[in-house]
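Reader: I've got the files open and a coffee in hand. Can we walk through this one together, question by question?

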Amino acid sequence: MTDRATSTGIMRELTCIRCPRGCRLVARLSGTEVASVGGNACPRGDAYARKELTNPTRVVTSTVRVAGRTPAPMLPVKTAQDVPKDLVRDVMEALASVRVSPPVRMGQVVLADVCGTGVDVVATASYP
Amino acid sequence: MASSSEPMVSRSVDVLVVGGGSAGLAAAISARKRGARSVLILERDGRLGGILNQCVHNGFGLHTFNEELTGPEYAARYVERARELKVEYLLNTTVLSLSADREVVAVNARDGVFRVAAGSIVLAMGCRERPRGALDIPGTRPAGVYTAGTAQRLVNVDGFLPGREVVILGSGDIGLIMARRLTLEGAHVSCVCEIMPYSGGLKRNIVQCLEDFGIPLLLSHTVVNVEGAERVQAVTIAQVDEDLRPIAGTERRVPCDTLLLSVGLLPENELAQQAGIDINPTTHGARVNESLETSAPGIFACGNVLHVHDLVDYVSEESAHAGSCAARFALRAAIEKDAPSAPTAPMSGEGSFPVECARGVRCAVPSFVRPSAVEDALTLRFRVDAVYRDVCVSVYVGGRRVSHRRHVALVPAEMLTVRIRASYLEGLSGDDVITIALEEG
Amino acid sequence: MEDVIWDCVIVGAGASGCAAARELSRTDGRYLVLEAADDVGCGTSKANSAIVHAGFDAHPGTLMARLNVEGNALFPGLAQELDFAFMPVGSLVVCTCEDQRPALEALLERGRSNGVPGLRVVEKDELRRMEPNVSDAATCALWAPTAGICDPFGLVIALFENARQNGVGFSFGSRVESVEREGGLWLVHAGGGVVRSRCVVNAAGVYADQIHNMVSPHRMVIVPRRGEYELLDTSAGSHVRHTVFTLPTKMGKGVLVTPTVHGNLLVGPTADDVDDREGTQTTAAGLGAVRCRSALGVRDIPFREVIASFSGLRAHRPEHDFAIGELPEAPGFVDCAGIESPGLTACPAIGRMVASEVLRALARMGRARGPRPDFQPRRRGYVNLNCISPEEWNELIARDPSYGNIVCRCCLVSEGQIREACRRGARSVDAVKRRTGATMGRCQGGFCCPRIMQIISQEHPDIPFAMVTKKGGASRYLAGNTKEVAPHG
């Protein structure tokens, strides 16, 4: 993502990921709002740019330690929904200290309401 | 327990599946659904699911389940289905040899060396990563040079960090995914070098794994030297020219303790080669017909051992087809046991037509098509050889264009699928071929 | 250990040092080997052509010529006694233009005067039948039926294990810092300690000049000569049937193309004199030269099948002959230096010669050593699952089920072999590799390396998983645990 200041406001460039074409999108920002989106070959590019520039989110996938099973193997986990992109690192730090006790069922919550997002972190595998 | 006095133990099954990863599971499930009475998976790892178990990231299953799953979740759905259908499996079991008459020899700690005779066999061994040696990168041979998949296993399964200062060579998807994963676990990834002028990975991964973290992607760059006697201390990177040769004067030394390689996957086809099965030199997988049957009658191949896929969903879909064809073969063989007819050669001869790759197309599967064996539609899968914009993918059947579809962009990283209705194949005769080509819009 | 007075301390556990140790172990002395690395055979002995040379190359009258032919003759028996891989495949020196024929005839003559049996010149047609992929330019070749190939790791490990079994002590991580004379004994400072010995054998490879110069005013010079190699997959292993050389040049034997005992194809080496005694890196120029020069003797080498490249250093002396013997100016100090090609071939004979020098010196000192009454000449090798019958394998599995658990799928190595290697002393992944072949295949450890690390840490309670190394020292695979450091950025 790169910014360019023009007389009509900040122009922000980004790559659309909705299809392999990878359109170079140019969005004009006025304040925190997206005034317009250009460079997109289809409406999905417009929607992608608006979401990515106003409320970017990501699903965080990682692992947590299983108590009594140090060092290996780890338990894979994910955030049950996407979380604000800015909080990805905080989620990772929160997961660093999590220890779960086996058995664990896939889908079981291993950390509720991570970083106050209202989103749970759940196991993505079962652990006998 | 095996004992020296006993001869080698044998057993027989309708369908034997070599490999219990995404391809083997889908093939086994489909074979059972198609009526095979006994389906046995031989898996060398300690659990089913293959490489999906270490792919903790999400993005799997959008096509199959219409939701985004992680690797272990995707695998779990198939493992559960296989158990429901009473697919048998042996873990920690390595297949030692395969013969063209559908017999394998395998070994494990519990049963020793044993033989399995099968009505039909599905090869689903997957692929391996190209190691450093295959690239012949000069320099020292210290610890700290990993293929991306090995690093992925160490991080995601074993819980260890392979290094703290990382350079990644190759922008395949596993390399991109590992750039993010290592960054989130506290390592610093200084750059990803890609020898080609375009990335080998999906756009989504370039944005979400590199751009999100400010990791530079250096196109037309490669690693020309590795330093460090015991542990990697630095690598030298350089720009390459159009012939992919390093350009003198562009060398730059990058201090690091780890070099990660994501430079391509190769089908693990040693068993197939040993059995004398024809191999396609472009895909490095077996040559197969529309039923995914190899040159050895009753031996089928699917998934990454057949050709390297981009999405697991396509592996599952393709493998389900192989599994059902394998079941059909095994059941027919069982019925005809009393009055055996010579198995028909799956490839050559009358009623079989080659698939040819024309402009811009490579790695097409299948290699041959027998119209009489196509049930509803023929599925062609292939890749393009470079980046194209605004082109059409056309399929000609014996000179007649039966499919023509415009694409805004085509990249080698993506596998393409075209379906041709069976009725379009009816007119094939003589020396006709099926041709896939890129054409101007 | 510091109170013991050793009869002989051997510096260096390469092929020469281990061969000397094994020969000495036939007698009832107290012998110790000091090795800088974490394992035997980590220097010149591990990265070479693995060829058992017939002996036509060295100049008549040199020690090199004599010990080559003697060593070659001893090899088959030694391989049987110590159970390591040796295959008498024979070698061809290919002549690629008629002008060179006199040089080939000269080589034949030299070989005959060195006492090499069975040498003859084969003409074009026969040559092509023997070696279908010989270059189109080949006109004739010198055929040496007594040449062979061996497993150089296997050889050194076998000599080591047999010497150890017969009472020789081995101390790893013991780099010799100084050697001095005191009260009629040698004081060898190594790895922070000191040992006292009546005799010292200097088998320090590319460092042998440094050790020699610690005790002698007659300076020795060793020039590390680097040789780079390309190793191809077993799928290319039958590209040639014999070791194929082209006529030697001033810088060495040219680039040879040979099958290996592991079924691979090996191409190399180059010959470049370097300053760095640890300079075992490969270079773009060197690997390019290997590819280019190999075409002289053999056509269509499938270099796309390369699975590894490596380089080794030969301990070259400008005099170009082995320097073996007790130094008159340093009683009890026996040089075993300048052991470059054909040193691997010669090592059984080198071992005998060094041992007799040591025993003579000991006798002179009034410490004559007699035969060790319980000397055990045989040593059991590691099982090769590629070579045993299903019945034999099932017997193994019945005794220990871990032999049914395949870890290295490319080379067919089981958990059982890897555990055994650890129990017999392997402490790093490369040490396991050299004993079992694991990680040597086409995936180069991509799949099995983490599993081998796990087994090493289970077998050696003092090596936690995170501390497992590739080859000892600072060659750790892992930087630590995940979850320890905050996300970067």
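Reader: Let's start in chain B. Which residue is the bridge partner of B:Val167 in β13(B)?

Author: This is a predicted model, so read everything here as computed from predicted coordinates. Strands β12 (residues 165-169) and β13 (residues 188-194) of chain B pair in the parallel sense over five bridges. In β13(B), the partner of B:Val167 is B:Cys191.

Reader: Cool. In what order do the strands of that open sheet in chain B run?

Author: The sheet has five strands, and the pairing is parallel. Its edges are β10 (145-147) and β14 (217-219) of chain B, each pairing on one side only. Neighbouring strands are turned by 20° against each other on average, ignoring direction. The order is β10-β18-β12-β13-β14.

Reader: And α5(B)? At about what angle does α5(B) run to β13(B)?

Author: The helix α5(B) lies across β12, β13 and β18 (258-261) of chain B. Relative to β13(B), its direction is at about 170°.

Reader: Now the interface. Which element gives the largest share of the side of chain B that touches chain C?

Author: On the chain B side 53 residues are in contact with 50 residues of chain C. Elements that give two or more residues to that side of chain B include β8 (112-123), α4 (148-156) and α5 (173-184). By residue class, the side splits into 21 nonpolar, 18 polar and 14 charged. The largest share is five residues, and it comes from α4(B).

Reader: Strand pairing across chains is the sort of thing I'd want to see. Which residue of β23(C) stands opposite B:Leu161?

Author: Here β11(B) pairs with strand β23 (residues 480-481) of chain C, in the antiparallel sense and over two bridges. β11 (160-161) is also among the elements that give two or more residues to the side of chain B touching chain C. Opposite B:Leu161 you'll find C:Gly480.

Reader: Over to chain C, then. How many residues of domain 3 of chain C are in contact with domain 1 of chain C?

Author: Chain C is divided into domain 1 (1-87 + 149-222 + 317-381), domain 2 (91-145 + 223-315) and domain 3 (385-482). The centres of domains 1 and 3 of chain C are 29 Å apart, taken over C-alpha atoms. On the domain 1 side, seven residues take part, and they divide into three nonpolar, one polar and three charged. On the domain 3 side, the count is nine.

Reader: What about β13(C): how many of its residues are buried?

Author: Strand β13 of chain C spans residues 223-232 and is mostly covered. On its pairing, 10 bridges join β13(C) to strand β18 (residues 306-316) of chain C, and these two run antiparallel. Of the 10 residues in β13(C), the number buried is nine.

Reader: Which residue of β16(C) stands opposite C:Glu230?

Author: Along β13(C) the partners can be picked out one by one, for example C:Val223 with C:His316 in β18(C). With strand β17 (residues 272-273) of chain C there are two antiparallel bridges, and C:Arg225 stands opposite C:Asp273 there. Strand β16 (residues 265-268) of chain C pairs with β13(C) over three bridges, antiparallel as well. Opposite C:Glu230 is C:Val267.

Reader: There's also a three-strand sheet in chain C. Which residue of β8(C) stands opposite C:Met87?

Author: That open sheet has the order β3-β8-β4, with antiparallel pairing. Its edge strands are β3 (51-52) and β4 (86-87) of chain C. β4(C) pairs with strand β8 (residues 148-150) of chain C over two bridges. Opposite C:Met87 is C:Ile149.

Reader: Last stop, chain A. Why is chain A said to be more spread out than a compact globule?

Author: Chain A has two helices and 11 strands. For 128 residues the globule rule gives 14 Å, and chain A is well over that, so it counts as more spread out than a compact globule, with a radius of gyration of 19 Å.

Reader: How far apart do the C-alpha centres of its two domains lie?

Author: Chain A is divided into domain 1 (10-54) and domain 2 (61-123). Its C-alpha atoms fill a box of roughly 60 × 30 × 25 Å along the principal axes, and 31% of its 128 residues count as buried. The distance between the two domain centres is 32 Å.

Methods:
Residues are numbered from 1 along each chain as its sequence is written. Chains are lettered from A and ligands numbered from 1 in the order in which they are written. This is a predicted model: local features need pLDDT of at least 70, side-chain atom pairs count only at pLDDT 80 or more; totals for chains, interfaces and linings use all residues. Helices (H or I, at least four residues) and strands (E, at least two) are DSSP runs, numbered from the N terminus. The radius of gyration is taken over C-alpha atoms; the globule rule is 2.2 Å times the number of residues to the power 0.38. A residue is buried if 20 or more other C-beta atoms lie within 10 Å of its own, exposed if 12 or fewer, and partly exposed in between; C-beta atoms are placed from the backbone. Domain bounds come from an automatic or database domain assignment. Two residues are in contact if their C-beta atoms, placed from the backbone, lie within 7 Å. Ala, Val, Leu, Ile, Met, Phe, Trp, Tyr, Cys and Pro count as nonpolar, Asp, Glu, Lys and Arg as charged, and the others, Gly among them, as polar. Two strands pair if DSSP finds at least two bridges between them. Axes are lines fitted to C-alpha atoms, for helices over the stretch in contact, and angles run from 0 to 180 degrees between N-to-C directions.
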